[in-house]
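Let's take a walk through this one, with the cysteines as our guide. Have the viewer open and follow along.

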Amino acid sequence: MASILRVFLHVWSILAQFIFGAVGTEFKDCGSSAAVISTFEVSGCPKGPCLFKRNTNVTLTVQLTPNADIKSATTSIYGYIGSIKTPFILHKDACVKSIKCPIEKGVLTTFTDTIYVESAYPKMRLVADLEVKTDDGKLLICTEFPAEITD
């Protein structure tokens, strides 16, 4: 039954984007197994690469529908520099500011996180990876998108 619901929600999100127009930032779902992602948005970035200006904030917003009840979640943000997965933010409690926990199965939920782009980050192009894991280690959110750290 859960797989039927997941397929229905996935098809609905695709149809809604087609009918109402795509909203958000282009991204690749890299394995969100605990939810269906409806939209993903990086502030000021409808199309990649998303510019991450040093000494500024970037806001990531994801609308998702979980396929199970979620008690807690942890956020990590990585950058793929070449083939090396480099951590930027690790194991931050997502329930503190990013999402209201507990999260109810089947209810459209919004995740919002603001990250500060440190001046120490080198200017470069990379693939950014937002991962939010549930308390049992499943990927609630896994998105990859092209980014560039700039001045």
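Over which residues does pLDDT stay under 50? That would be residues 5-22, for which the model has 14 contacts beyond four places in sequence. Here pLDDT is the predictor's confidence in each residue, from 0 to 100, and contact means heavy atoms within 4.5 Å. Across the chain the picture is as follows: the average pLDDT is 87, and 85% of the residues score at least 70.

Some ground rules before we go on. This is a predicted model, where local features need pLDDT of at least 70 and side-chain atom pairs count only at pLDDT 80 or more, while totals for chains, interfaces and linings use all residues. Residues are numbered from 1 along each chain as its sequence is written, and side-chain values use heavy atoms, with hydrogens and water left out.

Now to the cysteines. A disulfide is a covalent bond between the sulfur atoms of two cysteines; in this model it is called from geometry, as a pair of cysteine sulfur atoms within 2.5 Å. The structure has three of them. Count the bonded cysteines along the chain and the pairing reads 1-6, 2-3, 4-5.

Start with the 1-6 pair. C30 and C142 are bonded, with 2.0 Å between their sulfur atoms. This bridge ties distant parts of the chain together: C30 sits in the loop between β1 (28-29) and β2 (35-42), C142 lies in strand β9 (residues 139-150), and the two are 112 residues apart. (Strands are DSSP runs of E, at least two residues, numbered from the N terminus.) The torsion about the S-S bond of C30 and C142 is about -100°, so this disulfide is left-handed. As for the surroundings, C30 is partly exposed at 24% relative accessible area, whereas C142 is buried at 3%. The cut-offs: buried means under 20% relative accessible area, exposed over 50%, and partly exposed in between, using a 1.4 Å probe and protein chains only.

Next along the chain, C45 is joined to C50, S to S 2.1 Å. With -80° about the S-S bond, the C45 and C50 link is left-handed. Both ends are tucked away: C45 is buried at 6% relative accessibility, and C50 is buried at 0%.

That leaves C95 and C101, whose sulfur atoms are 1.9 Å apart. The torsion about their S-S bond is about -65°, so the C95 and C101 disulfide is left-handed. At 21% relative accessibility, C101 falls in the partly exposed class.

Technical notes
Helices (H or I, at least four residues) and strands (E, at least two) are DSSP runs, numbered from the N terminus.
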